[in-house]
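Below is a briefing on one protein chain. It covers a sheet, helix packing and pockets.

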Amino acid sequence: MKRAFTCLLLAAVLLAGCGKKQADPAPQADPAPETDGGQTLAADCAGAYAAITEDLTFLVSVEEADGTVTTLDITPDNAWNVAGRENLFALSYDWSPAEAGDWEALPAGGGTLFTLADADSKTTIQCRSDSDLVRWQRGGGAVSYASAVNPREGEPYEGKLCRQLAIIAEDAVSAQMWDVAADGALSPEAAAEELGERVAENYRAVPAWVTWKPEDAAFGGAGVFDWYKGQPENFCCGIGLRVSLADPEGESGSYWQAGAGLGEPDEDGCYGWGCEVLVKKNGAGDWYIAGRGTGGYTVELPLGDLDSASLEQLTDAFFLTEGSTHDWLLPFYILSRSQAELSALPALLDQRTEDEARALCRLLADCAENTKESWPWTLEDLAEALGEYSPYLRA
């Protein structure tokens, strides 16, 4: 009996142990990794940037330390460095959370404030030149704050996030420099001078926050090299400036070094700099700068594709032009016609004065000699096609 009791007690203990073991909680799975807060912040701010800049039509405002505010309209015409810049947010900057108090603690008047905003200002991005803090809002919702640090700041062309916004603002200022007009009654030569003077005046008035602001700028001269006297009348000219720069070889000088570069300064320490421009008339009949670049401009002719223009259209345009289009471009396209087509040229010259006919023939001869590898026929073939006007080829 005592032995049986002992066995029953041992069984009870074993059963109790089994029950207790079954009550133990199941092992916990490894916790899910936390979301990278920095990447989330970068992506959210990049989303705000993409929403603001989607159609390349938005606003940039710049508030200087003294309270002066400059508001700039960004359009496809001046949004030269806008598209895709949000891709740099996560790649070039280290993001960490910040709070409203961090932003509010920034010293008053300590830096230039840049603000990007959509048309209704419900989506905005703000940052200051003296801080890594960024403040943004999407669709009128909650305001977000972060610190976006560039680990390469101080290296050439590496700066704070606000530099991304500043470049957009500076491009808009650059476009404004050439947004000038002159009286439409002026001759092309006089209009070019007037436009150049106004461009120089604009460069002297560049805001201090613009990195490429010159110490001084003066009009250096203008020269008209192409003119279409028909309708719509337009001309091309070079506009030169003389600029004084604090650091022509530094980052701020890259604006002026673009293209052919600055060359050597003159005896006054000024650099020659300029552009070729296309000048047209606006709706009010005034001359304005419709395009600019480092070179290669010609007047706009109302002929469409010159390859498909008729010989008569090309000839009529020749007598309405002066400069490079008159001296080379139109003769080249006239000569691109077959010898059989050129045989119609004497009838067109019959409608012109002797001096006009002589001028066209002489330039055709010059062009044929200088580009003879382009034609399947010889100068003698051209003379045969011109018939009675062939002596003018050497006149």
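The points that follow are grouped by topic. The model is a predicted one. An open sheet of six strands is described first, then the packing of helix α8 against helix α9, and then the largest pocket and the second largest pocket.

**Sheet**
- The six strands of the open sheet are ordered β8-β12-β11-β10-β9-β13, and their pairing is antiparallel.
- At the edges stand β8 (181-182) and β13 (321-323); each has a single partner strand, so one side of each has no neighbour in the sheet.
- Strand β10 (residues 234-244) runs antiparallel to β11, and nine bridges join the two.
- Cys236 has Leu278 of β11 opposite.
- Helix α6 (residues 188-204) lies across β8, β9 (216-228), β10, β11 and β12. The angle between α6 and β9 is about 150 degrees.

**Helix pair α8 and α9**
- Helix α8 spans residues 311-318 and helix α9 spans residues 324-335; their axes are 10 Å apart, at an angle of about 170 degrees.
- An angle over 145 degrees counts as roughly antiparallel, and α8 and α9 are therefore roughly antiparallel to each other.
- On the α8 side, the contact is made by Leu311, Leu314, Thr315, Ala317 and Phe318. They meet His326, Leu330, Pro331, Tyr333 and Ile334 in α9.
- Eight residues of this contact are nonpolar, two are polar and none is charged.

**Largest pocket**
- The volume of the largest pocket is about 1,000 Å³.
- Its lining has 43 residues, and those closest to the centre are Glu170, Trp212, Glu251, Ser254 and Tyr255.
- Two or more lining residues come from each of α3 (87-92), α5 (162-177), α7 (254-257), β11 (271-281) and β12 (287-293).
- Helix α5 gives the largest share of this lining, with eight residues.
- By class, the lining of the largest pocket has 15 nonpolar, 18 polar and 10 charged residues.

**Second largest pocket**
- The second largest pocket has a volume of about 460 Å³.
- Of the 16 residues that line the second largest pocket, Asp77, Ala175, Gln176, Trp178 and Asp179 lie nearest its centre.
- The elements β2 (69-74), α5 and β12 each give two or more residues to this lining.
- Strand β12 provides the largest share of the lining of the second largest pocket, five residues.
- The lining of the second largest pocket divides into eight nonpolar, four polar and four charged residues.

Methods. Residues are numbered from 1 along each chain as its sequence is written. This is a predicted model: local features need pLDDT of at least 70, side-chain atom pairs count only at pLDDT 80 or more; totals for chains, interfaces and linings use all residues. Side-chain values use heavy atoms; hydrogens and water are left out. Axes are lines fitted to C-alpha atoms, for helices over the stretch in contact, and angles run from 0 to 180 degrees between N-to-C directions. Helices (H or I, at least four residues) and strands (E, at least two) are DSSP runs, numbered from the N terminus. Angles under 35 degrees count as roughly parallel, over 145 as roughly antiparallel, 65 to 115 as roughly perpendicular and the rest as oblique. Contact means heavy atoms within 4.5 Å. Ala, Val, Leu, Ile, Met, Phe, Trp, Tyr, Cys and Pro count as nonpolar, Asp, Glu, Lys and Arg as charged, and the others, Gly among them, as polar. On a 1 Å grid over the protein atoms alone, a cavity is a set of points where a 1.4 Å probe fits but cannot get out, and a pocket is an open set with protein on both sides within 12 Å along at least five of seven lines; lining residues have an atom within 4 Å of a point. Grid points are joined across faces, edges and corners, and a volume is the space filled by probe spheres set on the points. Two strands pair if DSSP finds at least two bridges between them.
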